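I opened this notebook to record a few look-ups on one chain. The topics are a strand, its neighbours, charged pairs and aromatic rings.

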Amino acid sequence: MKKLLSLLLILFFVITTIPMNTASAYDGGLLNGKIMNRGNGLDITQATQTLITDNNESTSIGLNASAIPMVWYKFDSPVSVSSYKVKSTAGIALTLYDANKKVLYTTSPDYPGNIGTAYSVTPTDAVTYVSFNTLLTDPTKTNTVYEVDIFSTDIAPKPPEAPLNLEANGGNAQVLLNWKTTSEANSYNIKRSLTLGGPYTMIISNVTKTTYTDTAVNNGITYYYIVTAISANGESKNSNEASATPIAPIESGRAILTVKLITDLEKEFDLSMEEINSFLEWYDARDAGTGPSKFAINKDNNIKGPFSKRTEFVIFDKILTFSVDEYSAE
């Protein structure tokens, strides 16, 4: 019994004294466990120990704009850097230097500082020194830094890809937009400009479909649009630009609708403007992916014969181009 009790006590001592490994939030970090220096320049060697490189986000140091604005580290041999991660109570700027302390890369992200966030940087080689500087400028305030690290690979979450094939079609006091679904996108932002190439102004955000009708437009004005995709990882780059000019329908008169098919065959129809407008509305809707695939044209005024009614169907996928030539019916 005494031997068993002794064995249990020894086992308990071993279990309680061996450190338990915990999952690191900064796996692969080049500064993991390194002793950082802090001060107001790369020559200051006041050590921080490993308080901000220990993978423990409850330990921290304070940075102050006037007294101790930065922490830094020198590698024994050059490294490559593609991303970094930081957790602090205020903004932090990363700077990378070569062996001669020449700045190779620097960035000042709009960083909220309330979570550990990963950022991509321009891949940079031959990095010998790295520093993290507080963006606080008020000398009476302290930026509490909990953890920092840099990585040779890109660990930053990536935003979704830009939407593709944006199309814009003008109608009566409206522009119908449609684009292709983007993988990983939760929603889309739609931006508009009166100038080719922008700058663009947001007209609506968090659109969950891949179509949108802009009704805040005026007939006769050309509008330019781009769409961006949104996910938990941020906003994508801009889609291609698409433009359209809303046009008011013509209420009276007649016109010759000439439809050229993909076979190079041309068909002409003598129609009222009401019929022309119906055709244009159908074409725009079908081009946006809605509506029937064919359009019925009444041929009573076009082809004579012993018929009470004749109808020809125009197939959307067979149309190459079409034109409308108005004329006076007087």
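How many of the residues of strand β11 (residues 187-193) are buried? I counted seven of its seven residues as buried, so the strand is mostly covered, with buried meaning under 20% relative accessible area. I note that the model is a predicted one.

Entry on the faces of β11. In a regular strand the side chains alternate between the two faces of the sheet. I therefore looked at each side of β11 on its own, and both are covered under the 20% cut-off. On one side I listed S187, N189, K191 and S193 as buried. On the other side I listed Y188, I190 and R192, also buried.

Entry on the partners of β11. I looked up its pairing with strand β14 (residues 223-231) and found it antiparallel, over seven bridges. Opposite K191 I found I226 of β14. I then looked up strand β12 (residues 201-207), which pairs with β11 in the antiparallel sense over four bridges. For I190 the bridge partner in β12 is I204.

Entry on salt bridges. Side chains of opposite charge can pair when their charged atoms come close. My search of the whole structure gave seven salt bridges. I wrote up three pairs, starting with one that involves β11.

What is the distance between the closest N and O atoms of D214 and R192? I read 2.7 Å for this salt bridge. D214 belongs to strand β13 (residues 211-214) and R192 to strand β11, so the contact ties together parts 22 residues apart in sequence. I found both D214 and R192 buried.

For E57 and K87 I noted a salt bridge between the side chains, at 3.5 Å from N to O. E57 sits in the loop between β2 (46-47) and β3 (61-64), and K87 in strand β4 (residues 70-88), so this pair ties together parts 30 residues apart in sequence. E57 has 29% relative accessibility, so I entered it as partly exposed. K87 also came up in a search for charges over rings: it lies over the face of Y146, at 5.7 Å from the ring centre.

For D264 and K260 I recorded a salt bridge with the closest N and O atoms 4.0 Å apart. D264 has a relative accessible area of 54%, so I entered it as exposed. K260 has 27%, so I entered it as partly exposed.

Entry on aromatic rings. A pair of aromatic rings is described by the distance of the centres and the angle of the planes. With centres within 6.5 Å as the rule, I obtained 13 aromatic pairs. W179 and Y188 have ring centres 5.5 Å apart and planes at 70°, so I classed the pair as edge-to-face. W179 and Y188 are both buried.

I next took Y283 and F316, a tilted pair with 5.1 Å from centre to centre and 45° between the planes. Where in the chain do Y283 and F316 lie? I placed Y283 in helix α2 (residues 273-287) and F316 in the loop between β20 (311-315) and β21 (319-327). They are 33 residues apart, and the pair links distant parts of the chain. Both residues, Y283 and F316, are buried.

Which residues form one aromatic cluster with Y283 and F316? I listed F279, W282, F295 and F322 alongside Y283 and F316.

Note on methods: Residues numbered from 1 in each chain as written. Predicted model: local features only at pLDDT ≥ 70, side-chain atom pairs only at ≥ 80, totals over all residues. Heavy atoms only, no water. Phe/Tyr/Trp six-rings, centres within 6.5 Å; stacked < 30°, edge-to-face > 60°. Buried < 20%, exposed > 50% of the residue type's maximum accessible area, 1.4 Å probe, protein only. Helix = DSSP H or I, 4+ residues; strand = E, 2+ residues; numbered from the N terminus. Lys NZ or Arg CZ within 6 Å of the ring centre and 35° of its normal. Pairing = 2+ DSSP bridges.
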